Amino acid sequence: IKTKTNVNALTRAEFFDQYLKHYDFLLLANDNLIKAYLPYTKNLEFALGIYKEECFGRTKIKSDTFTLGWTGNPHRVVKGFFEVIEPAVKKVLETGRKVRLKTSFNASYEEMIEFYNDVDLAVIASSGDGAPTMFCEACLSEIPSISTFIGLPSMVIQDGINGIFINRDIDEMANAIIYLHDNPDVLENFSKRIKQDYL
């Protein structure tokens, strides 16, 4: 921002030289980033921690409404909230299914721990993301995800076993939501696995 540099226009090598090279060590949140920066430095390691991770998933509240969870900054286009999530949920609602989209755009850590208590399924439509944190918190709360093939989901989700991968597409997201809404036994099997698979 200070130099008015369009970082998206930089190559990986240029970005590394300009912003990261002077650091002694890089802690990276997923395998994709490790592979991307390995050509430039050997001083890197996978590291990811969720603050108060032992507190997530302690309280569960059952609701009659199938609840989808989404957290983050909706104005970051990379997250796909307005572009994919909202239109997909609208399509599902148009089928007459009883679903709701529960969101949190700027909550405290304590509020985030409570956020997941009644969420059935996390929905992720990012085009690129290190984790995202929402995925980690959902897993710790025994909540499976529908996700694009990004960051940590690409390391943890086994498609059709503990979650579902989709392309960044409104119809694919809507169809995956409908599938898990209509097949609670599949969702339950995903839920039983996802926390341990993540850990």
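## Where the terms start

A residue counts as buried under 20% relative accessible area, as exposed over 50%, and as partly exposed in between. With that in hand, K52 is easy to place: its relative accessible area is 28%, so K52 is partly exposed. Please keep in mind that the structure you are looking at is a predicted model.

K52 is worth a visit for its backbone as well. The residue belongs to the loop that links β2 (44-46) and β3 (66-71), and its phi is positive, near 60°, although K52 is not a glycine.

## Two more positive phi values

K4 shows a positive phi too, near 55°, again in a residue other than glycine. You will find K4 in the segment before α1. Its relative accessibility is 75%, and because exposed means over 50%, K4 counts as exposed.

Further along the chain, E142 has a positive phi of about 65°. This residue comes just after α5, which is a good reason to turn to that helix.

## Helix α5 and its surroundings

How much of α5 is covered? Seven of its eight residues are buried, so to speak of it as mostly covered is fair by the cut-off of under 20%. The buried residues are M134, F135, C136, E137, A138, C139 and L140. Their cover includes the strands β3, β5 (121-123) and β6 (145-147), together with the helices α4, α6 (153-156) and α8.

## The crossing of α5 and α8

Two packed helices are described by the angle between their axes and the distance between the axes. For α5 (residues 133-140) and α8 (residues 184-198), the axes come within 8 Å and cross at roughly 120°. The crossing of α5 and α8 is left-handed.

Which residues make the contact? From α5 come F135, C136, C139 and L140, and from α8 come I194, K195 and Y198. Sorted by type, the residues of this contact are six nonpolar and one charged, with no polar residue. The four contributors from α5 also appear among the buried residues of that helix, as F135, C136, C139 and L140.

## Aromatic pairs

The model holds eleven aromatic pairs. One of them joins F15 and Y19, whose ring centres are 5.1 Å apart and whose planes meet at 40°, so the pair is tilted. Both residues sit in helix α1 (residues 12-20), and because they are four residues apart there, about one helical turn separates them. F15 has a relative accessibility of 25% and counts as partly exposed, and Y19, with a relative accessible area of 27%, is partly exposed as well.

F115 and Y116 make another pair: the ring centres lie 5.0 Å apart with the planes at 85°, so this one is edge-to-face. Are these two residues buried or exposed? Both F115 and Y116 are buried. Elsewhere, W70, F81, F82 and F105 come together as one aromatic cluster.

## Charges over rings

F115 has a further partner, since the charged end of K102 sits over its ring, 4.8 Å from the ring centre. A second arrangement of this kind involves R12, which lies over the face of Y37 at 4.9 Å from the ring centre.

## Two residues with distant reference points

Y109 is in helix α4 (residues 109-115). With a relative accessibility of 51%, and the cut-off for exposed being over 50%, Y109 counts as exposed. Y109 and E14 are 95 residues apart along the chain, and 35 Å separates their C-alpha atoms.

I166 gives you a buried counterpart, at 8% relative accessibility. This residue lies in the loop between β7 (164-165) and α7 (170-182). What does I166 touch, leaving aside its neighbours within four places in sequence? Its contacts are I146, S147, T148, F149, E172, M173 and A176. As for I166 and E111, they are 55 residues apart along the chain, with 29 Å between their C-alpha atoms.

Key: Residues are numbered from 1 along each chain as its sequence is written. This is a predicted model: local features need pLDDT of at least 70, side-chain atom pairs count only at pLDDT 80 or more; totals for chains, interfaces and linings use all residues. Side-chain values use heavy atoms; hydrogens and water are left out. Axes are lines fitted to C-alpha atoms, for helices over the stretch in contact, and angles run from 0 to 180 degrees between N-to-C directions. Helices (H or I, at least four residues) and strands (E, at least two) are DSSP runs, numbered from the N terminus. A crossing is left-handed if the near helix is turned anticlockwise from the far one by less than a right angle, and right-handed if clockwise. Contact means heavy atoms within 4.5 Å. Ala, Val, Leu, Ile, Met, Phe, Trp, Tyr, Cys and Pro count as nonpolar, Asp, Glu, Lys and Arg as charged, and the others, Gly among them, as polar. Rings of Phe, Tyr and Trp (its six-membered ring) pair if their centres lie within 6.5 Å; planes under 30 degrees apart count as stacked, over 60 as edge-to-face and the rest as tilted. Buried means under 20% relative accessible area, exposed over 50%, partly exposed in between (1.4 Å probe, protein chains only). A charge sits over a ring if NZ of Lys or CZ of Arg is within 6 Å of the ring centre and within 35 degrees of the ring normal.
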